[in-house]
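I am opening this notebook to record what I looked up, element by element. The entries follow the order in which I went through the model.

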Amino acid sequence: MAHISQWLFVVGIGWMGVAVPGPNLFMTIRNSAVYGRRAGLWTALGLGTANLISVGACLAGIGLFLTEAPALFEGVRWAGAVFLIYIGLRSVRARKKEGLDAGASGRPEEEMSRARAYRLGLSTCLLNPKVIVFFLAFFTQIVDAGTPLAARLFYGATIAAVEWAWMSLVAGFLSSPPVRRRYFGVSHWIERAMGGLLIALGTIWFAGG
Ligand SMILES: NC(=[NH2+])NCCC[C@H](N)C(=O)O
């Protein structure tokens, strides 16, 4: 029973980390609002995969290595900042999409391949060094020192699943035909707004935030 309550605690902590607005969320909103359900769901899958990779890296001690080697950590942070600003700049220049229907079928209006959506989710999350820091803190401070490796793996996988599930819900909601019809005419503004937020985050990362 103690295990179930600890696991529920992990679900809660994971959800809190996931629900805080950040690049992962902005990328999910952008891709699902502009490119439709398929793109949103594949982005969520990419984010979930990246979480698993970060969990693995932390458990293998690579995470600690990253935070102990400031140059490496800075490298990831800078790469992440460049990436966010690049995607952000492409997004703020988005034009109104002419000649497309309101997506009643829920199909993507503009094509974004599954692979591209997946890669965007994966890179957004992998290039965010804070995700590694989150997992390190989680494994060293929240889960106690005596927690066996198998339980750690399971808890890490739980957090990855929470991220995947939450972002899939966001994507599913934004791309559902009734919701989509409401904002369809202004979806380029959603793309621009998300682009602005990505640029802002990238700039903050450059500044060391
Ligand atoms: N499991 C995590 N803490 N994932 C990081 C997600 C951070 C934040 N929710 C974002 O949208 O960027």
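**Helix 10.** I note at the outset that this is a predicted model. I began with helix 10, which covers residues 187–206, and found that its 20 residues reach 29 Å from the first C-alpha to the last, close to the 28 Å expected at 1.5 Å a residue. I then looked up which of its residues are buried, and the list reads S187, H188, E191, M194, G195, L198, L201, G202 and W205. Seen down the helix axis, these buried residues fall within an arc of 145°, so they line one face of helix 10. I recall here that an α-helix has 3.6 residues a turn, so residues three or four places apart point the same way.

Against what do the buried residues of helix 10 pack? I found four partners, namely helix 2 (23–35), helix 5 (70–92), helix 7 (129–142) and helix 9 (177–183). I also noted that G208 follows helix 10 and has a positive phi, near 100°. R192 lies over the face of W189, and I recorded 4.4 Å from the ring centre.

**Aromatic pairs.** I turned next to the rings, where the count comes to 8 aromatic pairs. For W78 and F206 I noted that the ring centres are 4.6 Å apart and the planes stand at 85°, so this pair is edge-to-face. The pair links distant parts of the chain, since W78 belongs to helix 5 and F206 to helix 10, with their positions 128 residues apart. Are these two rings buried or exposed? W78 counts as partly exposed, at 44% relative accessibility, and F206 likewise counts as partly exposed, at 31%.

I then looked at F138 and F139, whose ring centres are 5.1 Å apart with planes at 65°, so this pair is edge-to-face as well. F138 counts as buried, at 0% relative accessibility, and F139 is also buried, with a relative accessible area of 5%. Following the ring pairs further, I found that they link F134, F135, F138 and F139 into a cluster.

**Cysteines.** How many disulfides does the structure hold? I found 0. C58 is in no disulfide, and the nearest cysteine sulfur, that of C125, is 11 Å away; C125 is likewise in no disulfide, with the sulfur of C58 as its nearest, 11 Å away. Because a disulfide requires two cysteine sulfur atoms within 2.5 Å, I could set this separation of 11 Å directly against the cut-off. I also checked accessibility, and C58 is buried, with a relative accessible area of 9%, while C125 is buried, with a value of 1%.

**Helix 3.** I checked the span of helix 3, residues 37–59, in the manner used for helix 10: its 23 residues reach 33 Å from the first C-alpha to the last, close to the 33 Å expected at 1.5 Å a residue. Helix 3 is followed by G61, whose phi is positive, near 90°.

**A117.** My last entry concerns A117, which I located in helix 6, residues 114–126. A117 is buried, with a relative accessible area of 0%. Which residues does A117 touch, not counting those up to four places away in sequence? I listed A39, W42, T43 and M112. I also looked up V20, which is 97 residues from A117 along the chain, and found the two C-alpha atoms separated by 21 Å.

Note on methods:
Residues are numbered from 1 along each chain as its sequence is written. This is a predicted model: local features need pLDDT of at least 70, side-chain atom pairs count only at pLDDT 80 or more; totals for chains, interfaces and linings use all residues. Side-chain values use heavy atoms; hydrogens and water are left out. Buried means under 20% relative accessible area, exposed over 50%, partly exposed in between (1.4 Å probe, protein chains only). Helices (H or I, at least four residues) and strands (E, at least two) are DSSP runs, numbered from the N terminus. The expected span of a helix is 1.5 Å times one less than its number of residues. The arc is that of the directions from the helix axis to the C-beta atoms. Contact means heavy atoms within 4.5 Å. Rings of Phe, Tyr and Trp (its six-membered ring) pair if their centres lie within 6.5 Å; planes under 30 degrees apart count as stacked, over 60 as edge-to-face and the rest as tilted. A charge sits over a ring if NZ of Lys or CZ of Arg is within 6 Å of the ring centre and within 35 degrees of the ring normal.
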